[in-house]
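This report introduces a structure to a reader who has not met it before. The sequence and the model are shown first, and a description follows.

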Amino acid sequence: MSVADTASPAAAVAPAVVNERQLRLLSAGARCALPVAILLVLGFVAPLVTVIAYSFAEPRSFTVFRTFTLENFASIFDPANTVWMSFVWSLALAAFTVAALAVVAYPIAYGLARLFGRWSGLVSVLFVFPLFISENVRLYGWVLFFIKGGVLDGTLKTLLDGAGPEVLFTPGAILFGMVYVYLPFMLFPMTLGLSLVPRDLVEAARDLGASRLQIWREIELPLAMPGIMVGMLLTFVLAVGAVAEAKVLGGQSIIVITHDIEIAFTYAQNWPLGSALAVLLMLIIAAVTLFALSKLDLDRILGRR
Amino acid sequence: MEQSTKRTKALIAAWTAFVVVAIYMPVACGALASVGKGRYFTFPIRAWSSDWWTRTLDSIEIGQLVRTSLLIAACVTVVAVVIGFFGALAFARYQWLGRRTFQKIVLLPIFFPQPVLGLALLLWFNAIGVPLSWQTAVVAHLVWIVPVVTLVIATQVYSFDPTLEEAAFDLGASRWQVMREVTLPILWPGIWSGALFAFLLSWGNFPLSLYTTGADSTVPEWLYAKMVAGYTPMVPTLGTMSTIGAALALMFGWIALTVARRRQQSGG
């Protein structure tokens, strides 16, 4: 591929022309990347820099870029402040979400990569489509399902003469909602990972007398690991920043960290404090991402190639 | 051995079917809640009615919401496809110095919690003195949707043979001709899927819109506001309508894509 890019077949015929095109092609990739780069600098990097700047501004002020203080961070780490609870809740819910999703999504990913054949296109679309419905709408559907007098309660009453379980507005309901919303983000990287496992390798292991557990543990899992890791990373990062599940299904019984950040920005009108919390959340996300990415490369070196 | 493999297959198929049913359960619940007569949802439904559907369709306020949402989604689609197209070429087509770094950086906004990104954009717009409106929401959506579109188109670009472009150049085609006659027709299915993703993801987006639309309001924002305070059956009704609209768009897109693929395969 790189041969075709840098030296065209016409090289021997007209060196001058090729030379010119070579120069053009060298920068062609960079020129194509330019619009995306500009958008991300103005729409991603600059906002994050602003958040970092705000986190060092006077509490309850809007004097960004003019004042410098560590007060916001000091107040977060003050032992009297219970905001650390929100961090713990968010991290715990995200960890449980990832664990649950790994179990829920693995058989489906295996089916999509191996078993469903020509049906896998349709099944994939069925799993992608919910992404296009606002997550609030889908979560509210679950409220209608679980609520008193709702679908579950009503069905049980009619059929069994019993009442539905009271699951709404509990941490369990929040976890359920997060598993529900982030399923596609685990499923598709996992499917990609599993489809990278060469079939003849599995066949060979079977012919050599490996048991199914051995095949899974020694061949499938290590070879599919890059995809599974990407799925886990993606779902963890998104789940740590999730807020809609806790608000809609949790009925605010738990305040997750993103909710705390929102409160600081809206009711409390304390943008610097909210920014400081956001910076801490971003640091956690960055640390997890870097850790996972380093693992990912390691797996690639050990497992593939 | 044969027996147990068969059983595993059946179990996996059954599990997948169960999860698919679970995924569409809340959608079905919303649809049910929209056709009950009462002000509050009870199941089983005692009196059916299409009242809330006609009322939602007649509402001027909701018409305005739908127009704002469509306007934002349309602008996002056009801009995201243009930027994403070139981004995808840089991502997968050209071998250039910063390619690996570029590939990782493009992914960053996808790996970032949207509520925090929305708030960060709010601070940034405020700091540079840009008043919030549907236009700022377009920018906010783009930050997240352009990377997605770039990835979607890039998967098509990977299967693209760059020597075709080379051949056209060698035969004396201009840059513009190569783009119009070679590159675009080959990448068309990817571009079309990218446009579909851009439109539908923008249409359904809530966390970015919440902080960046200012006085303008989109459909997901209105739904959320009413869920928190002031429930009416118009909430599940509009939610169901929005879902049906997205499903129709997806079906239309899929049919167009299949037609385009067929035409490409037959060499037209």
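In chain B, in which helix is confidence lowest, and in which is it highest? The mean is lowest, at 84, in helix H4 (residues 99–107) of chain B, and highest, at 94, in helix H3 (residues 60–93) of chain B. These values belong to a predicted model, which scores ipTM 0.89 and pTM 0.87.

## Confidence

For chain B the mean pLDDT is 89, with 99% of its residues at 70 or more. Chain A has a mean pLDDT of 84, and 88% of its residues reach 70 or more. Among the elements of chain A, the lowest mean pLDDT, 42, belongs to helix H1 (residues 2–6), whereas helix H4 (residues 83–115) has the highest, 94. Residues 1–16 of chain A keep a pLDDT under 50, and the model gives this stretch 18 contacts beyond four places in sequence. In residues 301–305 of chain A the pLDDT is likewise below 50, and that stretch has five contacts in the model beyond near neighbours in sequence.

## Architecture of chain B

Chain B contains eleven helices and zero strands. Its pattern along the sequence therefore reads α-α-α-α-α-α-α-α-α-α-α, with elements taken as DSSP runs. The C-alpha trace of chain B spans about 70 × 70 × 35 Å along its principal axes. Of its 268 residues, 43% count as buried. Among the contacts in chain B with a separation of 6 or more, 77% are between residues 24 or more positions apart.

## Helix packing

Two packed helices are described by the angle between their axes and the distance between the axes. The table sets out two such pairs, one within chain B and one between the chains.

| Helix pair | Angle between axes | Axis distance |
|---|---|---|
| H5 (residues 114–127) of chain B and H6 (residues 134–158) of chain B | roughly 135 degrees | within 11 Å |
| H6 (residues 135–146) of chain A and H10 (residues 219–228) of chain B | about 35 degrees | 9 Å |

The axes of H5(B) and H6(B) cross at roughly 135 degrees. That angle makes H5(B) oblique to H6(B), because it lies neither over 145 degrees, where a pair counts as roughly antiparallel, nor from 65 to 115, where it counts as roughly perpendicular. The crossing of H5(B) and H6(B) is right-handed. On the H5(B) side the contact is made by Gln114(B), Leu117(B), Gly118(B), Leu121(B) and Phe125(B), which meet Thr136(B), Ala140(B), Val143(B) and Trp144(B) of H6(B). By class, the residues of this contact are six nonpolar, three polar and no charged.

The pair formed by H6(A) and H10(B) has a left-handed crossing. Here Asn136(A), Val137(A) and Tyr140(A) in H6(A) meet Pro220(B), Leu223(B), Tyr224(B) and Met227(B) in H10(B). Six nonpolar residues, one polar residue and no charged residue make up the contact of H6(A) with H10(B).

## The interface between the chains

How many residues of chain B are in contact with chain A? The number is 69, and they contact 67 residues of chain A. Helix H1 (residues 2–34) of chain B gives the most to the side of chain B that touches chain A, contributing 15 residues. That side of chain B has 53 nonpolar, twelve polar and four charged residues.

Pro115(B), in helix H5 of chain B, touches residues of both chains: Gly241(A), Val243(A), Thr258(A), Glu262(A) and Pro207(B), not counting residues up to four places away in sequence. Pro115(B) has 22 C-beta neighbours inside 10 Å and so counts as buried, the cut-off being 20 or more. Its C-alpha atom is separated by 28 Å from that of Ala33(B), a residue 82 positions away along the chain.

## Two loop residues of chain A

Most residues other than glycine have a negative phi. Phe169(A), however, has a positive phi near 65 degrees. Phe169(A) is found in the loop between helix H7 (151–160) and helix H8 (171–195) of chain A. With 18 other C-beta atoms within 10 Å, Phe169(A) is partly exposed.

Gln269(A) also has a positive phi, near 50 degrees. The loop that holds Gln269(A) lies between helix H12 (257–265) and helix H13 (271–303) of chain A. Is Gln269(A) buried or exposed? Gln269(A) is exposed, because 11 other C-beta atoms lie within 10 Å and 12 or fewer count as exposed.

Definitions and conventions:
Residues are numbered from 1 along each chain as its sequence is written. Chains are lettered from A and ligands numbered from 1 in the order in which they are written. This is a predicted model: local features need pLDDT of at least 70, side-chain atom pairs count only at pLDDT 80 or more; totals for chains, interfaces and linings use all residues. pLDDT is the predictor's confidence in each residue, from 0 to 100. Helices (H or I, at least four residues) and strands (E, at least two) are DSSP runs, numbered from the N terminus. Two residues are in contact if their C-beta atoms, placed from the backbone, lie within 7 Å. Ala, Val, Leu, Ile, Met, Phe, Trp, Tyr, Cys and Pro count as nonpolar, Asp, Glu, Lys and Arg as charged, and the others, Gly among them, as polar. Axes are lines fitted to C-alpha atoms, for helices over the stretch in contact, and angles run from 0 to 180 degrees between N-to-C directions. Angles under 35 degrees count as roughly parallel, over 145 as roughly antiparallel, 65 to 115 as roughly perpendicular and the rest as oblique. A crossing is left-handed if the near helix is turned anticlockwise from the far one by less than a right angle, and right-handed if clockwise.
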